[in-house]
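Could you show me around this structure, one selection at a time? I have it open in my viewer and would like to know what to click on next.

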Amino acid sequence: TKPLPFSVSHVEDAKNQSPLEETRLKYRVLDLRTKKMANNLKLRHQVIKCMRRFLEDEQGFTEIETPILTKSTPEGARDYLVPSRIHPGSWYALPQSPQLFKQMLMCAGFDRYYQLARCFRDEDLRADRQPEFTQLDLEMAFMDQNQIMHLSEDLLVKVFKDCANIELSKPFPRMTYDAAMSRYGTDRPDTRYDLRLHDISIHVKDCSFKVFADAVSDGGSVYCIRVPNGGRISNSKLKWPKGEVAKEAAAAGLAGLSFARLGADGTLEGAKPILEALEGDRANKIMEHIRMEPGDLLLFGAGPTRSIQTALGRLRCFIANTLGEMVDSDVQHTALWITDFPLMEWNEEQERYESVHHPFTAPHASDLSNLQNARAHAYDIVYNGVEIGGGSLRIYQREVQEKVFAAIGVSKMEAEEKFGYLLQCFDMGAPPHGGLALGIDRLVMLLCGASSIRDVIAFPKTTQAVCSLTHTPDPVPPSQLKELHIRLDQSKEPH
């Protein structure tokens, strides 16, 4: 027999270095023989089995499959397209989610639907993303947002306990999108550690430090992060632009990193411009506002509000990892809901508004008169700083749906052409409904402690969307292209 590309027993010895992932994916069958991969896939099976039993046996859900060859819908990513041989020039799209079909099932009277849905998105990949993935898809009629969230909590608590012996406490805390961005700089905060962001704009709006004062006068904000026992981070790490923390701040988008420390005697220490800006009662008000204690370090960011929040949010995570905050934390598992997302956001390139989630998300009834600034009945579930699922209440009335379409630049004619079948369902009577989708691959990755979803999928793609085992995608014979009425542009260079 030929020698193996790598030895399974060699891999399982912790003293030995694992083969490169490229080698593991190329010889995936051999890789699946290792105890680690076998356990990962068995855990995946247990998770799915647990979900099915809960939904079917305890909650009365019906599993219904929806089409794979379907129509393109706006989900935020590129579609994978499939040409039709029978209808030259026409194309199917692989579903990015079963969104419209599950809404139509609600109109058909199946008030508790679920499916382990295969979804496809042609987008740039990363460690926790694949071009094809599996999600637990749920849709429920005659249930409000609280009821949907409570049922989802019951499901997750059972899965975590039965499959990984992890205790999650109910009810999960809830936080609005605006609060999450203001406190943590992200809509998927890791709350196992503190290091919160603090808005100090009101205290520095007319101070002598031009960077702070100008940021506020231009409509932006000044935020800071309080790092307890800040002596753990030396001034050399904060020095712009070569310090370790300063480099991360620059990568996060900050134009500079100002900082100050509170000495053991209660005196503020830092660069002269900062101290002058905070002289008098300003420093006392800030220290009281953020509950600063001797030895604490303050890191400042100033500029457009959302940009500063996002940049400091990234810096917060970097500091937590650097200081081992998560390792030292007494809380190892946190799950929470993020709610009240914006319904729409402005697309600078296309100069129009677009849906933050998708255009079938219901706005708050009190915000219908101003959809561009409306809050959505949308909710994401976050576990240890990772989004593992999300959902929303849906629009179920034609007039509201058409109003949302108009706000994002979809005319009545275009709406009828693309979504007429859904609008007809609304005309025939649609119940109030909503749903949720949980990412199976990402959830299992977290439960088994893997660093990539490729380690919980039997035959995954690489970050280049290539299957190393079967060498796909690959060219097809000209005869097949001819049958599909496709001619390649040979002048184009392959990517």
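Start by selecting strands S5 and S17: they run antiparallel, and seven bridges join them. Keep in mind as you look that this is a predicted model. To see one of the facing pairs, click on Asp 137, which stands opposite Ala 437 in S17.

Stay with S17 (433–439) and colour it by burial. Is this strand enclosed or open? Six of its seven residues are buried, so S17 is largely enclosed by the rest of the structure.

Now add S16 to your selection. S16 and S17 also run antiparallel, and here five bridges join them. Two places are good for a closer look. Gly 391 stands opposite Leu 436 in S17, and Gly 390 has Ala 437 in S17 as its bridge partner. You have met Ala 437 already, since Asp 137 stands opposite it too. Like its neighbour, S16 is mostly covered, with six of its eight residues buried.

Next, select S15, residues 378–383, together with S16, residues 386–393. How many bridges pair these two strands? There are six, in the antiparallel sense. Find Ala 378 and look across to Ser 392 in S16, which stands opposite. Then try Tyr 379, whose opposite residue in S16 is Gly 391. S15 and S16 form a hairpin with two residues between the strands. Click on Asn 384 in this hairpin: it takes a positive phi near 50°.

Time to zoom out and show the whole sheet. It is an open sheet of eight strands with mixed pairing, in the order S1-S4-S5-S17-S16-S15-S12-S6. Which strands are at the edges? They are S1 (62–63) and S6 (174–176), and each pairs on one side only.

For the last stop, select helix H4, residues 35–58, which packs on the sheet. Which strands does H4 touch? It touches S1, S4 (112–120), S5 (132–141) and S17. Show H4 with S4 alone to compare how they point: the direction of the helix makes about 150° with that of S4.

Key. Residues numbered from 1 in each chain as written. Predicted model: local features only at pLDDT ≥ 70, side-chain atom pairs only at ≥ 80, totals over all residues. Heavy atoms only, no water. Pairing = 2+ DSSP bridges. Helix = DSSP H or I, 4+ residues; strand = E, 2+ residues; numbered from the N terminus. Contact = heavy atoms within 4.5 Å. Axes fitted to C-alpha atoms, helices over the stretch in contact; angles between N-to-C directions. Buried < 20%, exposed > 50% of the residue type's maximum accessible area, 1.4 Å probe, protein only.
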